[in-house]
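This report describes selected helices, their packing and several individual residues. The sequence and structure are shown first.

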Amino acid sequence: MSEFQSNLLHVLSERGYIHQVTDAAALDALATKQVVPAYIGFDPTAPSLHVGSLVQIMILRRLQQTGHKPIVLMGGGTGKIGDPSFKDEARKLLTNDLIAANVASIKQVFARFLTFGDGPTDAVMVDNAEWLDALEYIPFLREVGQHFSINRMLSFDSVKLRLDREQSLSFLEFNYMILQAYDFLELSRRAGCRLQLGGSDQWGNIVNGIELARRMDGTEVFGVTTPLITTADGGKMGKTMAGAVWLNEDQLPAYDYWQFWRNTHDGDVGRFLRLFTDLPLDEIARLEKLEGAEINHAKVVLATEATKLCRGAEAAVQAQTTAQETFAQGGAGGGLPTIRVTEGTIGIVTALTVLGFAGSNGEARRKIAEGAVRLNDIPIKDERYEIVLDQDAPVKLSLGKKRHGLLERG
């Protein structure tokens with residue numbers, strides 16, 4: 001039995017989303033009697049979010065599924081600074097045009113996970129540039145700055161870590177936590193927002209916002225953080241040898257997205273099914289008990305269900321079919337990433353980098369030297385090898401056992 005009375009906290013708890021709650025009893029009571037508008041902020045530092053942001057997107061989905069209102073806050077304003085939390089150095093400053101382009105690109109993925117509209121539990125998307133860009137410095141310092149203690153701000157782990165390492169923390173970045181707290185206050189005033197959600201590294205920033213709302217408006221608001229998602233082997237969720245696992249289709253093909261989930265460590269399958277799919281808990285309990293070769297079936301279910309949410313059912317089925325054709329039958333499934341070669345020949349090193357299997361020519365050469373590269377399942381050990389293509393038959397290029405792509409004459 002869950003310790004919570006509200007469907008919201010019950011679901012979040014049993015699926016593994018809760019790390020800390022600011023006042024669990026009061027939030028639980030609120031969620032039993034009214035729709036709770038809640039927000040998470042996403043800074044547009046790239047054209048797509050990656051899998052590392054997926055827990056936050058999924059918790060908004062759970063919020064809506066349990067009858068509450070998700071607010072997606074795009075950081076068009078805070079993105080001009082960049083969150084310094086647990087970063088070793090300052091983020092590169094982005095231009096206004098690039099931020100706007102990133103916001104437009106990122107928006108696409110949320111429509112897959114949330115229902116937007118004007119209803120009481122429909123999701124809304126707002127941009128904090130709307131209020132942050134209009135702030136006047138002196139009035140802001142007088143009205144908001146007085147509520148922040150430098151001593152306390154210096155005590156937060158996210159700041160202390162940078163200072164303890166004697167790494168520079170600019171005044172610009174130091175202001176980020178004040179602006180994030182102000183976002184919570186502003187959303188409380190504009191949208192009746194009562195809850196901020198975020199990763200465990202955001203705890204200090206969330207508490208700041210709660211205290212600011214109480215001091216300036218006397219409003220009671222709450223915070224919930226999610227645990228840091230690491231893999232069973234200790235790695236960071238969403239980071240692979242090939243780079244970030246992007247959520248947008250134009251940044252990462254559906255097959256590669258599916259394959260990322262298929263490669264989940266045995267020990268992570270049950271947890272990831274609870275966090276990243278809508279499967280019922282009793283079905284997840286059955287799947288996570290599978291052992292030996294049967295656990296691979298659970299991984300296929302995880303990959304297909306996770307891909308269905310992010311890329312749609314058709315893309316998920318296509319990716320699963322492609323994987324079966326590629327692995328089980330030794331063929332070259334039609335959904336593999338493909339490049340077209342106009343000249344009819346392409347060097348093996350170039351092909352590896354163009355397909356995204358290697359981040360540089362040097363890395364491609366190392367993979368070839370290690371014997372990890374195959375062409376139509378035949379090992380290639382010469383980095384000077386030229387792949388010759390004819391009009392009719394594409395060739396399959398493989399890196400290791402799990403990364404495959406097609407080369408076609410264009």
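**Packing of helix 3**

Helix 3 and helix 13 (residues 269-276) pack at an angle of about 55°, and their axes are 9 Å apart. That angle makes helix 3 oblique to helix 13, since angles under 35 degrees count as roughly parallel, over 145 as roughly antiparallel, 65 to 115 as roughly perpendicular and the rest as oblique. Axes here are lines fitted to C-alpha atoms, for helices over the stretch in contact, and angles run from 0 to 180 degrees between N-to-C directions. Helices (H or I, at least four residues) and strands (E, at least two) are DSSP runs, numbered from the N terminus.

This is a predicted model, in which local features need pLDDT of at least 70 and side-chain atom pairs count only at pLDDT 80 or more, while totals for chains, interfaces and linings use all residues. Residues are numbered from 1 along each chain as its sequence is written, and side-chain values use heavy atoms, with hydrogens and water left out.

At the interface with helix 13, Leu54, Val55, Met58 and Arg62 of helix 3 meet Arg274, Leu275 and Phe276; contact means heavy atoms within 4.5 Å.

Helix 3 (residues 54-65) also packs against helix 4 (residues 96-113), at an angle of about 45° and with the axes 10 Å apart. Helix 3 is therefore oblique to helix 4. The crossing of these two helices is right-handed; a crossing is left-handed if the near helix is turned anticlockwise from the far one by less than a right angle, and right-handed if clockwise. From helix 3, Leu54, Ile57, Met58 and Arg61 meet Val109, Phe110, Arg112 and Phe113 of helix 4.

Helix 4 also contains asparagine 102. Asparagine 102 has a relative accessible area of 4% and is buried, where buried means under 20% relative accessible area, exposed over 50% and partly exposed in between (1.4 Å probe, protein chains only). When residues up to four places away in sequence are not counted, asparagine 102 touches Pro44, Thr45, Ala46, Pro47 and Leu94.

**Helices 10, 11 and 15**

The table sets out the spans of three helices. The expected span of a helix is 1.5 Å times one less than its number of residues.

| Helix | Residues | Number of residues | C-alpha span, end to end | Expected span |
|---|---|---|---|---|
| Helix 10 | 176-191 | 16 residues | 22 Å | 22 Å |
| Helix 11 | 203-217 | 15 residues | 21 Å | 21 Å |
| Helix 15 | 295-311 | 17 residues | 24 Å | 24 Å |

Helix 10 is largely enclosed by the rest of the structure, because 13 of its 16 residues are buried. Just after helix 10, glycine 192 takes a positive phi of about 65°.

In helix 11, the buried residues are Gly204, Asn205, Ile206, Val207, Asn208, Gly209, Ile210, Glu211, Leu212 and Ala213. They pack against helix 7 (150-155), helix 10, strand 5 (195-199) and strand 6 (222-226). Glycine 218 follows helix 11 and has a positive phi, near 70°.

Helix 15 is likewise largely enclosed by the rest of the structure, as 12 of its 17 residues are buried. Among them are Ile295, Ala298, Val301, Leu302, Leu309 and Cys310. After helix 15 comes glycine 312, with a positive phi near 100°.

**Loop residues**

Phenylalanine 156 lies in the loop between helix 7 and helix 8 (157-164). With a relative accessible area of 13%, phenylalanine 156 is buried. Leaving out residues up to four places away in sequence, phenylalanine 156 touches Met177, Gly204 and Asn208. Phenylalanine 156 and asparagine 205 are 49 residues apart in sequence, and their C-alpha atoms are 8.9 Å apart in space.

Leucine 290 is placed in the loop between helix 14 (281-288) and helix 15. Leucine 290 is buried, at a relative accessible area of 19%. Neighbours within four places in sequence aside, leucine 290 is in contact with Ile295, His297 and Ala298. Leucine 290 and glycine 198 are 92 residues apart in sequence and 32 Å apart in space, C-alpha to C-alpha.

**Cysteines**

A search of the whole structure for disulfides (a pair of cysteine sulfur atoms within 2.5 Å) finds 0. Cysteine 193 is buried, with a relative accessible area of 0%. Cysteine 310 also counts as buried, at 2% relative accessibility.
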